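This report goes through the pairing of the chains, the fold of one chain and the contact between its domains. The sequence and structure come first.

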2 protein chains.
Amino acid sequence: MTHTHAKQKYRMFNFTIHKTDGLARTGSIKTPHGIIKTPVFMPVGTKATVKTLSPQDLKNLQTQIILANTYHLFLRPGHKVIKKLGGLHKWMNWQHPILTDSGGYQVFSLGQEKGFTKNTDFKTSVKIDENGVEFRSHIDGKKHYLTPKQAIEIQHDLGADIIMAFDECAPANSSKQYFKEAMQRTHNWLKHCINAHKSRTKTQALFGIVQGGIHKNLRIESAKFINDQNLPGNAIGGLAIGESKATMLAMIETTIPHLSTKKPRYLMGVGTPEDLLECVERGIDMFDCVHPTRLGRHGPFWHEHGRASIRNEKFKLDKSPLQKNCLCETCQDCSKSYLRHLIFENEILGLRLMTIHNLHFLLELMRQIHKHIEVKSFSKFKKDFLKKFHAKS
Amino acid sequence: MTHTHAKQKYRMFNFTIHKTDGLARTGSIKTPHGIIKTPVFMPVGTKATVKTLSPQDLKNLQTQIILANTYHLFLRPGHKVIKKLGGLHKWMNWQHPILTDSGGYQVFSLGQEKGFTKNTDFKTSVKIDENGVEFRSHIDGKKHYLTPKQAIEIQHDLGADIIMAFDECAPANSSKQYFKEAMQRTHNWLKHCINAHKSRTKTQALFGIVQGGIHKNLRIESAKFINDQNLPGNAIGGLAIGESKATMLAMIETTIPHLSTKKPRYLMGVGTPEDLLECVERGIDMFDCVHPTRLGRHGPFWHEHGRASIRNEKFKLDKSPLQKNCLCETCQDCSKSYLRHLIFENEILGLRLMTIHNLHFLLELMRQIHKHIEVKSFSKFKKDFLKKFHAKS
């Protein structure tokens, strides 16, 4: 395991650990668009907008970094358009850090969902070879072929602060053999990604992604390989896609010891309050998930005693906010009764207000987590939070 | 024509004229929730929310008063629910003035659109008698019967600062005989409304509505009758529903001389830039319309040279704002390119940003109109504005 500090290699990007509490740690990531305090949750702005929210809303929520999806922006409006308009930050008016995924996950997951044809191991319209992936656009069915090199070049055009390697995320029900092949392809592709990224390492930090499915030995092999590339950060992919919670946590526990303690560790696609607590405890620094925003648009919301749905009849005459003492804009301004009305009437304001609350809940939880790690009281905080959270839910 | 000043009769409500410029005038309406400077445009918040916008957005836009629809709120969640939660202002977190319509317009227009059965003069599921109207909910088809008394009582429960008499708005293609009958019913119903409102005149101001279709003698008869009731304000209804622009303006010109100069005059359902200018010039003080907000959600927007649609291909790479030098949040923050992307992707943020611009355009126009009336330069302003506005549109 190499422990060369990232800042030596990537002038504009570095990661500093502040405090540790068991495997949990606080730190800060320096990027060209500002500093990110970790552990951090990154709201997902798939099409260069965190659904329902403006950049000002995100700032009000003290959002540190958002994620945008390369796959969607590649298809529409196209990375060349965004580059011509000055890059993602300028185009979407968000001058804070951005992370783009590589498009890999969407290529496979959206292809898989359609299930057009039979492939090696799972039903999909996606055709994988050693050089890249052929897939059909979920918008118009048009064929595209994406290589690791192109995935990186697209991300160069988008211009995010952190960009991700092009990986193959195999479905949860794949055979061990298929998981192994996908992992090996991911490793080979990573070399192409690193090569394609050479000229841009000072302005954009490339993270590698550990794969290996639900098999400990594959996860270990992958973690070692990814870690050895000495990239500014390491991600864990291919989890939270259908395996059990216990398996997910076991895979994280297996992986973490093989990833440098001095690099940020990013667990992709995870974002419930319980998962954040469990994974921070195991040494994860970064998270993203559509969960809080998607949940918000459909009615469920989090509060100190778990989860409820604003659609519930019992809230019809409820004058209280979604959560007692919550400082979010929604809870400051609106009763459950009014929010229930807005969601029932499919009023756009309702979607936005519910999104604001759920994101605030998760971001505030991360701030609490940060605070408690700093004073080494994380375990007690986690226990107390979960006791309350599960009491009535 | 009686010229008793409103404040003598309605302690919390009065109207003061500041300046006049021809028939155009500036004034201020005092209400229990604040002062409204006229001429004023009122954004429409049908279901107790101006679509896509929060109360804070409305404040940022310097919105003075909003309109909410009694018909929709009566059906869902019900006026009794809103009353229990402290009334419309508290429930929707808008502590500034609100006007509610009586539900009359929606009862007829939404009934007419469905066209279930044959009525006296037009195809509708609405059954009208001298005491009230039977109609079916556009949500579930359930039958309701609404009387003028109930329309006022519902508006008492909602608690708006200005409430409207229950009137019959006959379709534009009605016969003269039918327009006359509808007008007479409206007059009879107004007496019931006034009677039902007696106990609440100090906190809510009831406006009567002139009807009479597209017939000058009916409009004159109606204006005289409505004016003679000496209510705190007079509205003109039944226009902008399908008649020509020239007919609409002719009807306004016919009506205005018979309405007290000392009461605010409210033209219902009108809201394009051109119409506001034409009607302010003819002596109108208040307007409402879904136009700017509905337009915004579909792509068209106003700028100094007319109207365009953000969906236009030519804006794909356009870095400029919707309107040069516009001070709205949208134009401060976003390019046409980004807005076009959001609208194409049906992203909620896009609907909100377009709404903000269009409302700002109309509200800013009203502020300009106000300013120019005060210095007696309204005619020149109108001419210059329209010349520019029509130059490229």
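Of the interface residues of chain A, 100% are also interface residues in chain B, so the copies meet through the same surface. Contact here means that the C-beta atoms of two residues, placed from the backbone, lie within 7 Å. The model is predicted: local features need pLDDT of at least 70 and side-chain atom pairs count only at pLDDT 80 or more, while totals for chains, interfaces and linings use all residues. Residues are numbered from 1 along each chain as its sequence is written, and chains are lettered from A and ligands numbered from 1 in the order in which they are written.

Chain A is superposed on chain B by a rotation of 180° with 0.0 Å of shift along the axis, at an RMSD of 0.0 Å (a least-squares fit on the C-alpha atoms of residues with pLDDT of at least 70 in both). The two copies are thus related as by a two-fold rotation axis. In chain A, Ile348(A) has the C-alpha nearest this axis, 3.6 Å from it.

Chain A contains 16 helices and 18 strands; these are DSSP runs numbered from the N terminus, helices being H or I of at least four residues and strands E of at least two. Its C-alpha trace spans about 60 × 50 × 40 Å along the principal axes. Buried residues make up 53% of its 393 residues, where buried means 20 or more other C-beta atoms within 10 Å of the residue's own, with C-beta atoms placed from the backbone.

The largest nonpolar core has 230 residues; such a core is a set of buried Ala, Val, Leu, Ile, Met, Phe, Trp, Tyr and Cys residues joined through C-beta atoms within 7 Å. Phe207(A), Leu267(A), Phe207(B) and Leu267(B) have the most contacts inside it. Beyond its neighbours within four places in sequence, Leu267(A) touches residues including Ile236(A), Cys279(A) and Phe287(A).

An automatic or database assignment supplies the domain bounds: chain A is divided into domain 1 (6-289) and domain 2 (296-391). Their centres, taken over C-alpha atoms, are 27 Å apart. At the boundary, 27 residues of domain 1 are in contact with 24 residues of domain 2. The elements below each supply at least two residues of the domain 1 side.

| Element of chain A | Residues |
|---|---|
| Strand E1 | 14-21 |
| Strand E2 | 24-31 |
| Strand E4 | 40-43 |
| Helix H2 | 55-60 |
| Helix H11 | 273-281 |

H11(A) gives the largest share of that side, six residues.

Terms used:
Buried ≥ 20, exposed ≤ 12 C-beta atoms within 10 Å, placed from the backbone.
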